[in-house]
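Subject: The structure I promised you

Hi,

Here is the structure we talked about. Have a look at it first, and then read on for what turned up.

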Amino acid sequence: MILFLEIFSAFISFILGAAIASGVTCFASRIEIGESWLKGRSHCDSCGHVLGIVDLIPVFGYLINKGHCRYCGAKISAVSFFNELTYGCFFCALGLCAIKGFPHSLRFLTILTVIVLTAETIGTFVIAFRAREKNGRKK
């Protein structure tokens with residue numbers, strides 16, 4: 001029973017981290033192209049088709065569709081996939097440390113996770129804002 005709880009907690013932690021990363025990446029990419037991040041549903045950047053539920057599953061949606069849009073076949077950037085994978089792995093490690101009760105490693109992992117994810121999130125937004133400025137200057 002304990003093994004099941006550990007695996008379940010790790011899985012839920014991974015999905016939570018991947019979902020957060022998916023939201024951050026979507027937010028940044030919408031800023032980059034000048035779309036509202038509050039309105040509208042997720043869609044393919046190439047064909048504009050609204051994504052289905054399978055397409056929206058963090059990490060697994062990318063793998064199921066083999067990195068391509070299910071509707072038009074356009075290649076999907078791997079940036080979102082790697083962000084989701086990174087966040088998912090960090091959250092999974094945090095979840096396992098919390099379940100196992102490793103207080104020292106949990107503190108270390110928490111600090112490391114906050115530093116890495118903050119740096120990645122800031123980096124993602126900086127890239128998005130620079131791209132938007134660059135595209136705005138051309139118009």
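Let's start on the outside: which helix gives the most to the nonpolar patch? That would be α1, with five residues. Before going further, please keep in mind that this is a predicted model.

**The patch**

The patch itself is a nonpolar stretch of surface of about 1,000 Å². Among the residues that make it are Phe4, Leu5, Phe8, Phe11 and Ile12, and further along the chain you'll find others, including Ile53, Val54, Ile57 and Phe60. Two helices, α1 (2-33) and α2 (60-64), each supply at least two of the patch residues. If you want one residue to click on, try Ile12, which lies in helix α1. Its relative accessibility is 41%, so Ile12 counts as partly exposed, because that class sits between the 20% limit for buried and the 50% limit for exposed.

**The overall layout**

Now zoom out. The protein has four helices and zero strands, so if you read along the sequence you get the pattern α-α-α-α. There are 139 residues, and 32% of them count as buried. The accessible surface of the protein comes to about 9,100 Å², and carbon and sulfur atoms account for 70% of that. Contacts are worth a look too: take those between residues at least 6 apart in sequence, and 55% of them join residues at least 24 apart.

**The inside**

Which residues make up the largest nonpolar core? There are nine of them: Ala21, Val24, Ala28, Ile31, Tyr87, Phe90, Leu117, Phe125 and Ala128. Three helices, α1, α3 (78-100) and α4 (103-138), each supply at least two residues of this core. Once again α1 comes out on top, giving the most to this core with four residues. A second, separate core has seven residues, and Ala10, Ala18, Tyr62 and Phe81 are among them. Back in the largest core, pick Leu117 and look at what surrounds it: leaving aside residues up to four places away in sequence, Leu117 touches Tyr87, Phe90 and Phe91.

**The cysteines**

How many disulfides does the structure hold? The count is zero. In case the term is new, a disulfide is a covalent bond between the sulfur atoms of two cysteines. Take Cys44, for example: the nearest cysteine sulfur is that of Cys69, 3.6 Å away, and Cys44 is in no disulfide. The pair isn't counted because a disulfide needs two cysteine sulfur atoms within 2.5 Å. Cys44 is buried, with a relative accessible area of 9%, whereas Cys26 is partly exposed at 27%.

**Two residues with positive phi**

Last, have a look at two loop residues. Val59 sits in the loop between α1 and α2, and its phi is near 65°, which is a positive value in a residue other than glycine. Lys66 is in the loop between α2 and α3, and its phi, near 55°, is also a positive value in a residue other than glycine. Are they buried or exposed? Val59 has a relative accessible area of 4%, so Val59 is buried. Lys66 has 69%, so Lys66 is exposed.

Happy browsing!

Methods
Residues are numbered from 1 along each chain as its sequence is written. This is a predicted model: local features need pLDDT of at least 70, side-chain atom pairs count only at pLDDT 80 or more; totals for chains, interfaces and linings use all residues. Side-chain values use heavy atoms; hydrogens and water are left out. Buried means under 20% relative accessible area, exposed over 50%, partly exposed in between (1.4 Å probe, protein chains only). Patches are made of residues with over 30% relative accessible area and no salt bridge: like charges are joined within 9 Å, nonpolar side chains (Val, Leu, Ile, Met, Phe, Trp, Tyr) within 5 Å. Accessible areas come from the Shrake-Rupley method with a 1.4 Å probe; for residues, only the protein chains shown count as cover. A salt bridge is a side-chain nitrogen of Lys or Arg within 4 Å of a carboxyl oxygen of Asp or Glu. Contact means heavy atoms within 4.5 Å. A nonpolar core is a set of buried Ala, Val, Leu, Ile, Met, Phe, Trp, Tyr and Cys residues joined through side-chain atoms within 4.5 Å.
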